[in-house]
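Please read the following walk through the model with the sequence and the coordinates open side by side. The route passes from one residue and its surroundings to the loops and then to the ligands.

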Amino acid sequence: MALIIDDSCINCDMCEPECPNEAITMGEEVYEIDPSLCTECVGHYDKPTCISVCPIDCIAIDPAHKESQDDLLVKYAQLTGKFVG
Ligand code: SF4
Ligand code: SF4
């Protein structure tokens with residue numbers, strides 16, 4: 001599943017440079033995650049790195065973008081050109 005940043009985000013800038021897929025950008029008021037680019041860090045890390053670095057825990061799974069582990073691996077392969085086992 002892609003993740004979503006809620007509006008309690010304090011724009012601390014911690015997550016944006018950490019995203020391996022460049023899925024996080026500044027939105028109109030707070031940072032946003034592009035669901036077409038977020039693989040939940042599948043293919044890169046064991047856990048979503050944006051959640052790990054966020055000091056206020058305002059990032060969660062987006063129920064509007066449900067994807068299986070296989071879906072996320074396919075997305076990773078499409079984004080990077082790399083295929084994983
Ligand atoms: Fe980026 Fe990973 Fe966070 Fe998705 S879970 S927005 S890929 S850092
Ligand atoms: Fe917002 Fe959390 Fe990202 Fe900081 S790390 S900009 S609080 S989502």
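Once its neighbours within four places in sequence are set aside, isoleucine 33 is in contact with Leu3, Ile4, Ile5, Ala23, Ile24, Cys38 and Ile59. The model in which these contacts are found is a predicted one, and isoleucine 33 itself belongs to strand 3. One of its partners, alanine 23, is 10 residues away in sequence, yet the two C-alpha atoms are 5.4 Å apart in space. Isoleucine 33 counts as buried because its relative accessible area is 13%, which falls under the 20% cut-off used for that term.

Asparagine 21 offers a second point from which to look around. This residue lies in the loop between strand 1 (3-5) and strand 2 (24-26), and with a relative accessible area of 12% asparagine 21 is buried. A polar atom of its side chain lies 3.2 Å from the backbone oxygen of leucine 37. Leu37 also appears among the residues in contact with asparagine 21 when neighbours within four places in sequence are left out, the others being Cys38, Thr39, His44 and Leu79.

The loop between strand 3 (31-33) and helix 1 (49-53) holds glutamate 40, and cysteine 41 is found in that loop as well. What deserves attention here is the backbone. Most residues other than glycine have a negative phi. Glutamate 40, although not a glycine, has a positive phi of about 60°, and cysteine 41, also not a glycine, has a positive phi of about 70°. Is cysteine 41 buried or exposed? Its relative accessible area is 7%, so cysteine 41 is buried.

Cysteine 41 leads on to the ligands, since Cys41 is listed with Leu3, Cys19, Cys38 and Cys50 as the residues that come nearest to ligand 1, out of 13 around it. Leu3 and Cys38, which belong to this group, were also met above as contacts of isoleucine 33. The shell around ligand 1 is made up of nine nonpolar residues, three polar residues and one charged residue.

Ligand 2 has 14 residues around it, and those that come nearest are Cys9, Cys12, Cys15, Tyr31 and Cys54. How do the residues of its shell divide into nonpolar, polar and charged? For ligand 2 the shell consists of 12 nonpolar residues, with one polar and one charged residue besides.

Definitions and conventions. Residues numbered from 1 in each chain as written. Chains lettered and ligands numbered in written order. Predicted model: local features only at pLDDT ≥ 70, side-chain atom pairs only at ≥ 80, totals over all residues. Heavy atoms only, no water. Near = heavy atom within 4 Å. Nonpolar A, V, L, I, M, F, W, Y, C, P; charged D, E, K, R; others polar. Helix = DSSP H or I, 4+ residues; strand = E, 2+ residues; numbered from the N terminus. Buried < 20%, exposed > 50% of the residue type's maximum accessible area, 1.4 Å probe, protein only. Contact = heavy atoms within 4.5 Å. Polar contact = N/O pair within 3.5 Å; in protein donor to acceptor, adjacent residues only side chain to side chain.
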